[in-house]
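User: I am new to this structure. Please take a close look at the salt bridges and show me how they fit into the whole.

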Amino acid sequence: MKKIDKPCIAFKLNYCDGGKNSERIGFCGICSDSVIKYNIKIKNRRWCSNEGCDCRKYFDRKISREKLENSWDEEIGGDFPCLESQALRDWYFNAGNDSDGNPRTIRGAKTGHLCIFTTVEPNMPESSRMIVAIFIIGKVFEGDDEESGYVGANDNFDYCLEFLPNEARKMKFWEIYHNDVEKKDIHWGSGLFRYFTDEDAKKFLEMAVEVKRGTDDEEFAEDFLNHYCEINKI
């Protein structure tokens with residue numbers, strides 16, 4: 001059987017409401033106290049709950065909220081709170097480490113193809129997993145023994161599109177993504193990312209055009225779709 005090429009990648013992000021407002025779903029700042037508590041106490045997220053995480057230190061009252069916020073601020077030398085809090089600031093995500101602490105690799109994603117950030121809001125079922133942003137991959141590092149693999153947009157952030165909260169909830173990941181043509185898989189399971197085809201990428205972009213219809217981003221969404229189909233000859 002011929003192997004199906006899957007040069008696109010979708011990431012599973014823990015929900016982060018940092019920077020959330022009427023025009024942004026989050027993923028650009030430190031989580032609110034309620035979401036920090038949810039990620040630590042209810043979901044026991046691996047990094048959120050780690051004693052080395054600044055959010056955990058804040059939750060345990062070992063550091064102040066001000067110090068936690070400063071950990072995100074690059075201008076004053078902020079370090080690394082979490083990937084989710086920077087996802088829509090830097091348009092970048094990496095593969096993380098396995099349970100033994102070894103860096104994971106990204107072997108399938110290719111530049112010029114699509115990356116998707118997905119999440120579920122607190123108490124949202126997996127079947128409603130939503131897409132918060134999409135972009136054309138501008139850089140890929142496969143990873144090695146020292147550093148995890150990652151993908152990111154190009155330096156100019158040319159084809160990056162995020163969705164307002166009400167729009168993201170209409171961008172249903174499982175309506176398009178599936179492991180085979182016979183049966184849709186609505187259980188993500190382990191791992192932070194999944195690969196998918198350019199044909200599915202086109203479907204995601206067509207969905208984005210419909211979701212952005214009648215908004216200021218409509219023209220850009222249509223250009224995104226047309227550009228993507230042209231460069232990948234879909």
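Analyst: What follows goes from the whole chain to the charged pairs, then to the buried interior. The model is predicted.

Start with the whole. The protein chain has 7 helices and 8 strands. Its radius of gyration is 18 Å, close to the 17 Å that the globule rule gives for 234 residues, so the chain is as compact as a globular protein of that length. The C-alpha atoms fill a box of roughly 55 × 45 × 35 Å along the principal axes. Of the contacts with a separation of 6 or more, 64% join residues 24 or more positions apart.

Now the charged pairs. Side chains of opposite charge can pair when their charged atoms come close. Here the count comes to 17 salt bridges.

Take Asp33 and Arg65. Their closest N and O atoms are 2.7 Å apart. Asp33 sits in helix α1 (residues 33–42) and Arg65 in helix α3 (residues 65–70), so this pair ties together parts 32 residues apart in sequence. Asp33 is partly exposed, at 43% relative accessible area. Arg65 is also partly exposed, at 24%.

Next come Lys139 and Asp155. Their side chains meet in a salt bridge of 2.8 Å, N to O. Lys139 belongs to strand β5 (residues 139–141), while Asp155 lies in the loop between β6 (150–152) and β7 (160–162), so parts 16 residues apart in sequence are tied together. Lys139 is partly exposed, with a relative accessible area of 32%. Asp155 counts as exposed, at 62%.

The pair of Lys212 and Glu167 has an N to O distance of 2.6 Å. Lys212 lies in the loop between α6 (198–211) and α7 (218–231), and Glu167 in helix α5 (residues 165–168), so the pair ties together parts 45 residues apart in sequence. Both Lys212 and Glu167 are buried. Elsewhere, salt bridges with shared partners join Glu210, Arg213, Glu218 and Glu222 into one network.

Now look inside. Buried residues make up 48% of the chain. The largest nonpolar core has 71 residues. Phe11, Leu114, Phe117 and Ile134 have the most contacts inside this core. Beyond its neighbours within four places in sequence, Ile134 touches residues including Trp91, Leu114, Tyr159, Phe163 and Phe224.

A polar residue can be followed inside too. Ser85 lies in helix α4 (residues 83–90). Ser85 is buried, at 1% relative accessible area. A polar atom of its side chain lies 2.9 Å from the backbone oxygen of Cys82. Setting aside neighbours within four places in sequence, Ser85 contacts Cys16, Phe27, Cys28, Gly29 and Trp72.

Terms used: Residues are numbered from 1 along each chain as its sequence is written. This is a predicted model: local features need pLDDT of at least 70, side-chain atom pairs count only at pLDDT 80 or more; totals for chains, interfaces and linings use all residues. Side-chain values use heavy atoms; hydrogens and water are left out. Helices (H or I, at least four residues) and strands (E, at least two) are DSSP runs, numbered from the N terminus. Buried means under 20% relative accessible area, exposed over 50%, partly exposed in between (1.4 Å probe, protein chains only). A polar contact is a pair of N or O atoms within 3.5 Å; within protein, one must be able to donate a hydrogen and the other to accept it, and residues adjacent in sequence count only if both atoms are side-chain atoms. Contact means heavy atoms within 4.5 Å. A nonpolar core is a set of buried Ala, Val, Leu, Ile, Met, Phe, Trp, Tyr and Cys residues joined through side-chain atoms within 4.5 Å. The radius of gyration is taken over C-alpha atoms; the globule rule is 2.2 Å times the number of residues to the power 0.38. A salt bridge is a side-chain nitrogen of Lys or Arg within 4 Å of a carboxyl oxygen of Asp or Glu.
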